[in-house]
Amino acid sequence: MASGIQQQALLSKKAERPPTVVDFGLGKIPHRRGHHVWLITLLLSIVLSVLYVVWLITDAKKAEEKSKQENQTCIVEPPVKASSLIYEEISLFFIAMVATIVTIYITRFIQFIVERVIYFKTRYDQSWKKLALSTLVIKNWGDLAGFVFLLISSIILVVFFTSDVDDDTKKTINVVLGAVGLTQFFTILMKLNDQTTAQLSDVLESEHFNIATGMAWNFFTGYIELCLTKSDDHSNLKKTLQKAGLENYMASTKLVLLVPIDCIVKGLLDDHNIKAVAKVRSRKCNRAGVKDRVYWQTIYQITSTEDGNNRYYYCCCEYVTPIDTFYQMKEKKIVNDDHFTDQIKLFVKVLSRVLDEHIKKNEDCVRLLTFDPLQLHSVSHMMVDALKKMEGDGLKSFDSEQDFPEPTDMIKEEYQLIP
């Protein structure tokens with residue numbers, strides 16, 4: 001009973017956590033493609049298999065009836081049985097499957113040979129294990145099922161060919177094997193089996209090989225986690241704001257990270273109603289060989305006209321730096337336009353999930369503000385709306401510009417006014 005109550009409490013706390021992403025035009029972030037195509041293909045295969053079996057039985061019965069009628073009118077060979085015809089058709093189907101699977105394994109073996117000859121030293125460090133894992137090893141249950149099917153079918157074919165089978169049947173089997181095998185080879189040569197963009201994207205997303213996932217994790221571990229949550233040396237953004245006595249000025253103590261969908265990142269927030277007033281140091285540490293690396297965040301004043309009067313809001317905000325990399329990759333034609341927006345949305349999805357999973361509720365310290373610049377009236381208007389959504393009734397604002405306190409000697413290395 002107690003454990004059930006605790007579980008309900010945890011679920012309610014999780015439900016109370018505000019959304020990490022505040023959206024103003026990015027649009028709906030797609031889910032990972034998953035196995036929808038595979039499931040639809042499976043259902044279609046089942047339907048077609050049932051129809052195929054029904055057709056086989058119906059056609060075999062018609063052939064049997066026709067054979068009986070012919071046998072009654074003249075002396076011919078013994079009538080054909082429906083069961084024999086069904087067995088023959090199913091056998092040919094399995095033989096065609098064997099030819100297809102054999103062709104696939106032959107192409108894999110060819111790839112194994114090519115990789116061994118050309119890339120064995122440069123890509124695999126002369127490791128046969130790495131080479132086999134990349135080219136031959138079974139990676140999913142489909143590969144395993146195909147291998148088992150091939151093994152059993154091969155044994156059956158060997159037994160079949162060594163038994164007393166008439167030449168016409170053997171000839172039919174050879175024709176089917178050859179035709180299906182050659183068809184599969186030509187299919188591979190014409191690249192009809194190549195993955196589509198959607199299929200390739202599905203593999204990259206499921207295996208976390210895409211650009212967006214790497215950038216999201218790099219930004220989290222190399223910046224957000226370092227500056228906003230880790231406090232082993234008693235230094236992070238929230239602690240610096242408290243130490244400098246700035247909490248009472250801030251509309252929000254969270255760091256607002258801007259993600260424009262066009263990925264154009266400017267040096268400062270470009271809006272006549274926004275100006276930088278101070279900067280605070282959230283972190284100073286030895287990192288990656290750099291002694292005393294310093295991380296600063298900028299406090300902006302946002303002016304909003306409400307009911308004919310100006311209101312002033314203060315918060316720390318900045319662009320998400322990795323999106324500039326997306327923009328540069330697009331400009332240099334490394335990422336094409338078709339993939340560009342998908343990668344941005346995936347970046348936001350992965351980063352928001354990482355934030356939700358790895359930042360504790362009591363350390364809720366960051367918001368992603370996604371927007372389409374072409375749909376905005378102004379950045380300042382959007383940011384005020386976002387702050388209202390973030391903070392609700394607890395939002396702090398002022399009816400006049402605030403003079404921030406001068407930094408004392410104790411805090412001057414962590415807090416500086418911007419003239």
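In the predicted model, the structure holds 4 salt bridges. Three of these pairs are described here in turn, together with the elements that they connect and the degree to which each partner is covered.

One of the salt bridges joins the side chains of K243 and E414, with a nitrogen-to-oxygen distance of 2.8 Å. Because K243 belongs to helix α9, which spans residues 237–243, while E414 sits in the loop between α12 (379–391) and β7 (415–417), this pair ties together parts of the chain that are 171 residues apart in sequence. The two partners fall into separate classes of accessibility: K243 counts as partly exposed, at 44% relative accessibility, whereas E414 has a relative accessible area of 12% and is therefore buried, the limit for that class being under 20%.

The loop between α12 and β7 also contributes to another of the salt bridges, in which the side chains of E401 and K275 meet at 3.1 Å, again from N to O. Here E401 lies in that loop and K275 in strand β3 (residues 274–287), and the pair thus links distant parts of the chain, 126 residues apart. With a relative accessibility of 44%, E401 is classed as partly exposed, and K275, for which the relative accessible area is 40%, is likewise partly exposed.

A further salt bridge is formed by E306 with K388, whose closest N and O atoms are 3.7 Å apart. Since E306 is found in strand β4 (residues 290–306) and K388 in helix α12, the contact ties together parts that are 82 residues apart in sequence. E306 is partly exposed, with a relative accessible area of 22%; this value lies outside the buried class, because buried means under 20%. K388 is also partly exposed, its relative accessible area being 37%.

These pairs are set within a protein that has 12 helices and 7 strands. Among the contacts between residues at least 6 apart in sequence, 72% join residues at least 24 apart, and the three salt bridges described above, with separations of 171 residues, 126 residues and 82 residues, likewise connect parts of the chain beyond that separation.

With regard to the protein as a whole, buried residues make up 33% of its 419 residues, E414 being one of the buried residues. The accessible surface of the protein comes to about 26300 Å², and carbon and sulfur atoms account for 58% of this area.

Technical notes:
Residues are numbered from 1 along each chain as its sequence is written. This is a predicted model: local features need pLDDT of at least 70, side-chain atom pairs count only at pLDDT 80 or more; totals for chains, interfaces and linings use all residues. Side-chain values use heavy atoms; hydrogens and water are left out. Helices (H or I, at least four residues) and strands (E, at least two) are DSSP runs, numbered from the N terminus. Buried means under 20% relative accessible area, exposed over 50%, partly exposed in between (1.4 Å probe, protein chains only). Contact means heavy atoms within 4.5 Å. Accessible areas come from the Shrake-Rupley method with a 1.4 Å probe; for residues, only the protein chains shown count as cover.
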